[in-house]
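Please look through the sequence and the structure shown here before reading on. The report after them takes up one residue and then the enclosed spaces.

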Amino acid sequence: MTGTASDTRGSLPVGCCVSTRGASPAVPPSQAIATGLAPDGGLYVPTTLPTVDPATFDPRGSLADTACTLLTPFFAGDVLADGLPAICAEAFTFGAPLRPLPAHPDSWMLELFHGPTAAFKDFGARFLAACLARLPRADARPLTILVATSGDTGAAVGAAFHGRPGVEVAILYPDGRVSPRQAHQLGCFGDNVRALRVDGRFDDCQHLVKAALNDTALQAAVPMSSANSISLGRLLPQMSYYAHAALGWWRAHGTTLNFIVPTGNLGNAMACLWARGMGLPIGTVRLACNANATLAEYFAGADYRPRPALRTLANAMDVGAPSNFERLRWTFPDESALRRALSAETVDDAAIRATLEQHGRMHGEVFCPHTATAMCVLDRLRAQGDQAPWAVVATAHAAKFASVVEPLIGHPVAVPEALADMLARPSHADPLAASEGALREWLLGTRAAVGLH
């Protein structure tokens, strides 16, 4: 991890976290995780990425074991250090298998949807919840976890925190812009988890969460933290499944494994890059984006130009202003180095449909629309003659997007048991205007539809 000449990271001990904007004091990782957003509005990042030797990982270890070995240096001297093995064991109770794809040789799929809400967000959400449960709080009032979601994050956070004492969760999602099953998941928890359907885009939801966390007076009245990918407590554990898959490949083949990562807000891709930066045997990283072209245009040489999100079939990636781009620029302050570190391309709705239909009918492979963007990128690479070993990152189970997938593949998608249980529960979400005042009023106690007269 590199920086500018004005950085003070070299004088700070390993285990400290600083803001990407440089105007907040360094804090231990437990405080960065508890706070969510830095006081200056920036995102917390480690002062340095520790280097790890691949040979130090137990070749027979579980995903939880890999996570513990990988994350231990980040928590050196922190109050969470002694509890890290238990935190990892609690969070990583399901696997992330790497399986071959029949359509292409040397092609694999990293399945990240075997958690309780059938999406990769389960890993980070459960790790964050396990961390916060072990942190002492002087304030006896409940901690409110705010989360903006474009579909999958909210359900994962809701499941991870549901029923935990001393915590309340507010899930903000763009009304009508998530799949029906995603929307049902978001509102099915009840108790200490409430859903708010916002009259706007995901970017509006994200803005509201950041504004609330930066509102000092509101924080004094309603203690809050975040569970979005802006939370370091979600991003760090996501490195673990890349490390585990890459190490397994390296032991078996003696080479690095390349990854194609579907992305919208850049958190999952950021985790892959940080894992590579720590010395894990990860090769090329390519980003698969939907029709929201902010990242693809930037990596093609244009200026970074955030814009309102477009609505697509891969709705969880409908992001026009990815928050983690700030972390990406902090990690690679030299723009030419950043452009060399990644590449990105867009996959529009027509290509998503074609990929789902082709692989479903010809190869019996069923993907969610987001995974289909990565599969489409792999198809393009193979058509160009690329023969390198690639792993497509599967971010969610296709059953969450049955209304899109089933008509294209010509048969129903089997629903995982945990998802079926959630869909059987009643579901409710409160309407909310896309305004800071509306969320402030809701958080202060009205918890009713405001501003939608």
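What follows describes a predicted model, beginning with a single alanine and going on to the cavities.

## Ala-64 and its surroundings

Ala-64 belongs to helix H2, which covers residues 63-71. With a relative accessible area of 12%, Ala-64 counts as buried, because the cut-off for that class is under 20%.

Once the neighbours within four places in sequence are set aside, Ala-64 is in contact with Cys-88, Ala-89 and Phe-92. Ala-86 stands 22 residues from Ala-64 along the chain, and the C-alpha atoms of these two residues are 9.2 Å apart.

## The largest cavity

Rolling a probe the size of a water molecule over the atoms reveals where empty space remains. In this model, three cavities of 30 Å³ or more are counted, and the largest cavity has a volume of about 280 Å³.

The lining of the largest cavity consists of 24 residues, and those nearest its centre are Phe-120, Lys-121, Thr-153, Asn-265 and Ala-316. Helix H9 (232-253) and helix H10 (267-277) each contribute at least two residues to this lining. By class, the lining of the largest cavity comprises eight nonpolar, 13 polar and three charged residues.

## The second largest cavity

The second largest cavity has a volume of about 50 Å³, and its lining is made up of Ser-150, Pro-174, Arg-177, Arg-201, Phe-202, Ala-309, Asn-315 and Asp-318. Sorted by class, the residues lining the second largest cavity are three nonpolar, two polar and three charged.

Methods:
Residues numbered from 1 in each chain as written. Predicted model: local features only at pLDDT ≥ 70, side-chain atom pairs only at ≥ 80, totals over all residues. Heavy atoms only, no water. Helix = DSSP H or I, 4+ residues; strand = E, 2+ residues; numbered from the N terminus. Buried < 20%, exposed > 50% of the residue type's maximum accessible area, 1.4 Å probe, protein only. Contact = heavy atoms within 4.5 Å. 1 Å grid on protein atoms, 1.4 Å probe; cavity = no way out; pocket = protein on both sides within 12 Å on 5 of 7 lines; lining within 4 Å. Points joined across faces, edges and corners; volume = space filled by probe spheres on them. Nonpolar A, V, L, I, M, F, W, Y, C, P; charged D, E, K, R; others polar.
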